[in-house]
Each structure stands twice: as structure tokens, then as C-alpha cells.
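Biologist: Could you pull up the model so we can go through it together?

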Amino acid sequence: MIMKKEEQKKEQFTTTDLGLVAALRCHGITLDDFDSTNLGRIIFSYDYPKSEEVAKMAKKFWSDDFLVDALAYWNAIKTIKNQIHSRF
């Protein structure tokens, strides 16, 4: 059976960890979308095929094996927060 592209279920990597999202941004992995309907918890998402690479990098991040430039990390956090607040 052949499915239309829009019918195919996309695999996603989702996280609520702003630090992880900022670190990924420092490595050139841009965010695909985020859900800010619950202001207490923002859900960030990355779509397939990028989600596979993000999952591998997240494991490195959580095992303290992920290095980024401190200034780039700080700027990434500010940029992501601006994106979140600009949707309102």
C-alpha cells in the first residue's frame, strides 16, 4: 500500500529541556516546532529524519559528553526564549 506523503506518520523527538534545545542549536540543529499552549511547560519538537540525529546528540548531552561554546549557548537560550515569547 502506498501512502500519500501527508498521511505518513512523522517520527518526532520531543523534549521540554531548554538547555538541550540550546545546545543542539549551537551545533546547527534548528528547532522544527514548539507547543507553548501550557506556559508552565514548553514542548520542543524535531521532525524525522532530523529526529534520529537529535536523539543521538541528546544521549551525549545527558551523559555530559557534549561540548558547546559558552557564549553561543547563552545566545541560543536568549534566541529560543524570544521565539517562545514572540508567539503571543
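**Sheet, helices and one ion pair**

Biologist: Which residue in S3 does Thr-15 stand opposite?
Modeller: Bear in mind that this is a predicted model, where local features need pLDDT of at least 70, side-chain atom pairs count only at pLDDT 80 or more, and totals for chains, interfaces and linings use all residues. Residues are numbered from 1 along each chain as its sequence is written, and side-chain values use heavy atoms, leaving out hydrogens and water. S1 and S3 (residues 43-47) pair in the antiparallel sense over four bridges; pairing takes at least two DSSP bridges, and strands are DSSP runs of E, at least two residues long. Across from Thr-15 in S3 you'll find Phe-44.

Biologist: In what order do the three strands form the open sheet?
Modeller: Start from the edges: S1 (12-15) and S2 (33-35) each pair on one side only. The pairing is antiparallel, and the order is S1-S3-S2.

Biologist: At about what angle does H1 run to S3?
Modeller: H1 (18-26) is a helix, a DSSP run of H or I with at least four residues. Angles here run from 0 to 180 degrees between N-to-C directions, using lines fitted to C-alpha atoms, for helices over the stretch in contact (heavy atoms within 4.5 Å). H1 lies across S1 and S3, and its angle to S3 is about 40°.

Biologist: Which helices are among what covers the buried residues of H1?
Modeller: Buried means under 20% relative accessible area with a 1.4 Å probe, protein chains only; exposed is over 50% and partly exposed is in between. In H1 that label goes to Gly-19, Leu-20, Val-21, Ala-22, Ala-23 and Leu-24. The cover includes strands S1 and S3, plus helices H2 and H3 (70-86).

Biologist: Which residue forms a salt bridge with Lys-50?
Modeller: The structure holds one salt bridge, meaning a side-chain nitrogen of Lys or Arg within 4 Å of a carboxyl oxygen of Asp or Glu. Lys-50 sits in H2 and its partner in the loop between H1 and S2, so parts 18 residues apart in sequence get tied together. Lys-50 is partly exposed, at 22% relative accessibility. With the closest N and O atoms 3.0 Å apart, the partner is Asp-32.

Biologist: Over which residues is the pLDDT below 50?
Modeller: pLDDT is the predictor's confidence in each residue, from 0 to 100; the protein chain averages 85, with 86% of the residues scoring at least 70. Where pLDDT is low, the predicted coordinates shouldn't be read in detail. The stretch below 50 has one contact beyond near neighbours in sequence, and it covers residues 1-8.
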